[in-house]
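Please work through the exercises below with the sequence and the 3D structure open beside you. Each task is followed by a solution that goes step by step.

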Amino acid sequence: MAILNVEHIRKSFGPTEVLKDISFSLEKGQVVSIIGSSGSGKTTLLRCINLLERPTSGKVMVNTDVIFDSEDPATQREQDLRKKRLHFGFVFQSFNLFPQYTAKGNVMLARQLLAKEQPDYKTRKKEILAEIEQQAEQLLVQIGLADRMDNYPHQLSGGQQQRVAIARALALQPDILCFDEPTSALDPELTGEVLKVMKELAEQKTTMIIVTHEMAFARDVANHVIFMDNGTICEQGTPDQVFNHPQQERTKQFLSRYTQG
Amino acid sequence: MKKLIALIMAMAMVLSLAACGSNSSAPAASKDEAASSAAAAEGSASAQAPADSDSDLAYIQEKGVLTVGITDFEPMDYKDENGEWIGFDADMAKLFAESLGVSVEFVEIDWDNKILELDGKSIDCVWNGMTLTDEVLSAMECTEAYLNNAQVAVVNADVADQYQDMDSLADLTFAVESGSAGQAQAVENGLNYTEVQNQAAALMEVAAGTSDAAIIDSLMAAAMVGEGTSYENLTYTVGLNSEEYGVGFRKGSDLAEALDDFFDTCKEDGTLEQIANTYKVQAALVK
Amino acid sequence: MQTIMEQMPIVLNSLNAGFLQTLKLFFVTLLGAIPLGLIIAFGSMSRFKPLSLLTKFIVWIIRGTPLMIQMLIIYYFPGLVFNNPIWGGGETGRFLAASVSFIINYACYFSEIYRGGIQGVPKGQEEAGLVLGMTRSQIFFKVTLLQMIKRIVPPMSNEIITLVKDTALARIISLQEVIWAGQAFMKGSQGISGAIWPMFFTAFYYLIFNGILTVLLGRLEKKLDYFR
């Protein structure tokens, strides 16, 4: 049973069609890497899946829930979006940590706000908040930032900030973790620490969609690779199929540029 | 709601100004603005004259207060130690208001805006040792003259004996209040002058040596220069003309006549003389 | 003639009364313009084109014309043209008219600062809030607001200091603020005339008040220094 089903997604910005009929599915515990040159629609696809952008047409399902269907207005209600987005964790290229909160504060904030909606929040407030704090600390230890919990984002390196952003996304225990070029904004010497954390997550069978330019990483970590070109899925398959035996001319061209460089 | 109305009207006005293309730099524009609004108001006031010529007295009585526009001008309108407005004009204004059965409110205004204030009904009269010039007479409904005045030249006391006649004034530089009767005299006599904000500023110019002489009201000169005043080293010499003080109301107002009657009553029962004595202007009273 | 020591209590008394008007106008303007500015800022950023165009047009006019003219119009226009002096002639009316003029004028300036502050917060902050399941209001209050405040404090400080000095413009409609009070002794008032020294005191009042404001605003700025 697929955890995520993406069916016939199209997205246009004005007259430009950025996504042209994209379909794929993802099993629980799998890692999908989406590769392709800039402007091929990778990021837009990711943003359509977690509804930061509204697809022009198509259908997105998580488990058996239809979270978006262009044919069914009942699935498009603005007020339901918030809950639906919680299926996904999202890690941005530019981190987007909240600058006025510490590393721990960033990880805790969303859960603290959600906790207020719990019916027993008033009576168990102390307990709940302690639990949230404990979880945040655990996550930060897990990503190797035990000693930077009380630092503000501007006091952290880019790699550390991105790791905090991953912890922040994990705090809500999403079904699927999405990464939008998580290392592209980092100095080369800092990408390693972020990739290491992601690799560990993959080993723990975290379901992930990773848009990336790190070909070696995609090959080593992903179960499934999607190569996008000009708004379509040009080729997909196991890393071995796509990287070692590409069928399409475009894929070969793209990969040769990367292996040379 | 009021604020909203004011805003909308302000917008409309700004737009019409922009349309006329009469928008110039800030300080100049504000003055032009005052003048042109005053002129516009004059037009509208005369157009409405039949409607409210009968009603000004009634308007005051209905509102219950006579708002008197003044400046700080000893001995006509000035503050005592308690901050209460007193002076020959202030005391008479209090009595006049009492006779109408209304209370009196003194408001210090910018003298340049007196016609604007009057037509805009933010004040009901100008009662502040106002010289009855042609301009004043044409823009306001004025009472008969109640006090005599003259424009005099003020110079440093140590050189005063050199400047005792008109001819000797020709080579001096003068400071005059902008738009005042003093300025009119300077123009008429072909004198070399600088405009300043008010009569006191003109005196300051002389005291500070930035001008040789000033032309101001004799009543003011009597109160402000010479022995025992702030300007002990100044004195006044030549009188350039003689003129008269009156009280100004909105054009067409019936209050001017009412005040004339009131002045007559006070003259007969000696009140006027008595108050004039208090402020040492009895010699200048119009007989 | 009185000595300066004898004149001092009279002068200080007047200056105090004048400065009270200055302070009143200052605080009333802030109290009104800070929230009104936010409304105008939202208006000019509205996706509803006619509203944003109209708001921008009004802001353009208010910022493009001298406050002095606006005050003259707001105070004298109703009485002169509609024969309805809504403000009345007394001190209260003049104060109200001055307040309304100042609030509108400063709200327009503030709105532009707010707009810069709001638009200066990166879009990614809002998106990060959205993907974490926050509501719009949670995002505004918990994420963007403080960042916006941090951005607007320095330019607002400049405007606020300017406002202290701008209150003197209210003299044009004869609001008796502190400079009017000081100048009265140059013109001649309460037996003192041709005196320039009260003006130094007047300047001193401004200096002290601006000094206090500068320290307070500097502290606020420093308080927000813990993040970037």
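The exercises go from the chains and their interfaces to the domains of one chain and then to single residues.

This is a predicted model, in which local features need pLDDT of at least 70 and side-chain atom pairs count only at pLDDT 80 or more, while totals for chains, interfaces and linings use all residues. Residues are numbered from 1 along each chain as its sequence is written, chains are lettered from A and ligands numbered from 1 in the order in which they are written, and side-chain values use heavy atoms, with hydrogens and water left out.

**Exercise 1. Find which pair of chains has the most contacts, and describe the contact between chain A and chain C.**

Step 1. Contact here means heavy atoms within 4.5 Å, and among the two pairs of chains that touch, chains B and C have the most contacts. Chain A and chain B do not touch, and their nearest C-alpha atoms are 36 Å apart.

Step 2. Between chain A and chain C, 24 residues of chain A are in contact with 19 residues of chain C. The size of an interface is often given as the accessible area lost when the parts come together. For chain A and chain C the buried area (the accessible area, with a 1.4 Å probe, that two parts lose on being put together, summed over both) is about 2,100 Å², and carbon and sulfur atoms give 62% of it.

Step 3. The rule for a salt bridge (a side-chain nitrogen of Lys or Arg within 4 Å of a carboxyl oxygen of Asp or Glu) finds one across this interface. That salt bridge joins A:Arg47 to C:Glu127, whose closest N and O atoms are 2.5 Å apart.

Step 4. Eight residue pairs of chain A and chain C, both at pLDDT 80 or more, are in polar contact, which is a pair of N or O atoms within 3.5 Å; within protein, one must be able to donate a hydrogen and the other to accept it, and residues adjacent in sequence count only if both atoms are side-chain atoms. On the side of chain A that touches chain C, the elements giving two or more residues are helix H2 (78-85), strand S6 (88-91) and helix H3 (103-115) of chain A, and H3(A) gives the most, with four residues. Helices (H or I, at least four residues) and strands (E, at least two) are DSSP runs, numbered from the N terminus.

**Exercise 2. Describe the build of chain C, and place C:Ser14 in it.**

Step 1. Chain C has eight helices and zero strands, and its C-alpha trace spans about 80 × 50 × 25 Å along its principal axes.

Step 2. Of the 228 residues of chain C, 54% count as buried, where buried means under 20% relative accessible area, exposed over 50%, and partly exposed in between (1.4 Å probe, protein chains only).

Step 3. C:Ser14 lies in helix H1 (residues 4-44) of chain C, and C:Ser14 counts as buried because its relative accessibility is 16%. Leaving aside neighbours within four places in sequence, C:Ser14 is in contact with C:Ala181, C:Phe185 and C:Gln190.

**Exercise 3. Work out how domain 1 and domain 2 of chain B meet.**

Step 1. The domain assignment, whose bounds come from an automatic or database source, gives domain 1 (56-148 + 244-284) and domain 2 (151-241) of chain B. The contact takes 13 residues from domain 1 of chain B and eight residues from domain 2 of chain B.

Step 2. The two domains of chain B bury about 690 Å² between them, with 62% of it on carbon and sulfur atoms. Between them the count is zero salt bridges and one residue pair in polar contact, both at pLDDT 80 or more.

**Exercise 4. Which backbone values are listed for B:Pro75, A:Glu181 and B:Lys121?**

Step 1. Most residues other than glycine have a negative phi, and most peptide bonds are trans.

Step 2. The peptide bond from B:Glu74 to B:Pro75 is cis, with omega near 5 degrees, and B:Pro75 is found in the loop between strand S1 (65-70) and strand S2 (78-79) of chain B.

Step 3. A:Glu181, although not a glycine, has a positive phi of about 45 degrees, and A:Glu181 is buried, with a relative accessible area of 11%.

Step 4. B:Lys121, also not a glycine, has a positive phi of about 60 degrees, and B:Lys121 is buried, with a relative accessible area of 11%.
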